[in-house]
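Trainee: I'm new to this one. Could you zoom in on a single part for me, and then tell me how the surroundings fit together?

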Amino acid sequence: MTPLIYWMDIIGTIAFAISGAATAVKKNMDIFGVNILALMTATGGGMFRDIIIGNVPPVMFRHPFYVVISIVTANLFFVLLYFFFDADRLDRNAVFQNLLFWFDTLGLAAFTIDGLNAGYVVDPNNLFLVGTLAFITGVGGGLLRDILANELPYILVKHVYALATIGGALLVMVLKPMIGKTPAEAIGFVAVIMIRFLARHYKWNLPKIRRS
């Protein structure tokens, strides 16, 4: 594992754990629910990825380092809200909502690159597999989070969430032969973040059929 991918894993795990924990708090779950949602958000995409490529048991069960990070992050988040903040007031706070958006975006970008790297290790010539693993790793945890929280999955309705992953992955696959793997992955990471930011800022969404 390269240093870039290692730090992508750390960033993605912490960011998605906070995203999952925040969703659990908004759904009025107890501390167990907060931990479960944080864990599933942070590790779900990687679990799906490992199952697809036959890397079983998934890495999260063989090397629980990222599970520990998820649980520690979730409990720190819970303790901070429980003792120091009014969760209802924070939920209405624009700054807090912006922070959650950026945590979710960082997790998406980091795990998109992580999935790409896994695909290149398995079969660097099968770009369809590489792109699919990037997509699954990026959005899989958020998909599990929303299902467990009884929400319509975020990837289907908001801010071209899934297309940010696809765009970043495609950019890496195009640039990698020209500038090398690590620079291409760094650019792809930034691209996912920029697509999400622009989509949110300009309220971009894919066309849908309006119903009264």
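Mentor: Let's start with Trp204, which sits in the segment after helix 9 (181-201); helices here are DSSP runs of H or I with at least four residues, strands are E runs of at least two, and both are numbered from the N terminus. Before going on, keep in mind that this is a predicted model, where local features need pLDDT of at least 70, side-chain atom pairs count only at pLDDT 80 or more, and totals for chains, interfaces and linings use all residues. Residues are numbered from 1 along each chain as its sequence is written, and side-chain values use heavy atoms, with hydrogens and water left out.

Back to Trp204: its relative accessibility is 42%, so it counts as partly exposed (buried is under 20% relative accessible area, exposed is over 50%, and partly exposed is in between, with a 1.4 Å probe and protein chains only). Its C-alpha is 7.0 Å from that of Val160, although 44 residues separate the two in sequence.

Trp204 also brings us to the rings. The structure holds eight aromatic pairs. In one of them, Tyr82 with Phe83, the ring centres are 5.0 Å apart and the planes stand at 75°, so this pair is edge-to-face. Tyr82 and Phe83 are both exposed. Trp204 has a ring partner too: with Tyr202 it forms a stacked pair, 5.7 Å from centre to centre and with 20° between the planes. For the cut-offs, rings of Phe, Tyr and Trp (its six-membered ring) pair when their centres lie within 6.5 Å, and planes under 30 degrees apart are stacked, over 60 edge-to-face and the rest tilted. Ring pairs also join Phe78, Tyr82 and Phe83 into a cluster.

Now for the helices. Helix 1 (residues 3-26) packs on helix 4 (residues 65-84) at an angle of about 40°, their axes 9 Å apart. That makes helix 1 oblique to helix 4. A quick gloss: axes are lines fitted to C-alpha atoms, for helices over the stretch in contact, with angles from 0 to 180 degrees between N-to-C directions. Under 35 degrees is roughly parallel, over 145 roughly antiparallel, 65 to 115 roughly perpendicular, and the rest oblique. Helix 1 passes helix 4 in a right-handed crossing (the near helix is turned clockwise from the far one by less than a right angle; anticlockwise would be left-handed). The residues that meet include Tyr6, Ile10 and Ala17 in helix 1, and Phe65, Ile69 and Phe77 in helix 4, where contact means heavy atoms within 4.5 Å. By class, this contact of helix 1 with helix 4 has 14 nonpolar, three polar and one charged residues; Ala, Val, Leu, Ile, Met, Phe, Trp, Tyr, Cys and Pro count as nonpolar, Asp, Glu, Lys and Arg as charged, and the others, Gly among them, as polar.

Helix 1 has another partner, helix 6 (residues 94-122): their axes come within 7 Å and cross at roughly 140°. Helix 1 and helix 6 are therefore oblique to each other, and this time the crossing is left-handed. Among the residues making the contact are Met8, Gly12 and Phe16 of helix 1, with Phe103, Gly107 and Phe111 of helix 6. Its classes come to 14 nonpolar, six polar and four charged residues.

Gly12, in helix 1, deserves a look. Its relative accessibility is 0%, so Gly12 counts as buried. Not counting residues up to four places away in sequence, Gly12 touches Gly107, Ala110 and Phe111. Ala169 lies 157 residues from Gly12 along the chain, and their C-alpha atoms are 16 Å apart.

Last comes helix 2 (residues 31-52), which packs on helix 7 at about 140° with the axes 7 Å apart. That makes helix 2 oblique to helix 7, in a right-handed crossing. Gly44, Gly45 and Gly46 of helix 2 are among the residues that meet a helix 7 group including Gly140, Gly141 and Gly142. The contact of helix 2 with helix 7 divides into nine nonpolar, eight polar and two charged residues.

Helix 7 (residues 127-148) also holds Asp146, which counts as buried at 6% relative accessibility. Leaving aside neighbours within four places in sequence, Asp146 is in contact with Glu151, Leu152, Pro153 and Tyr154.
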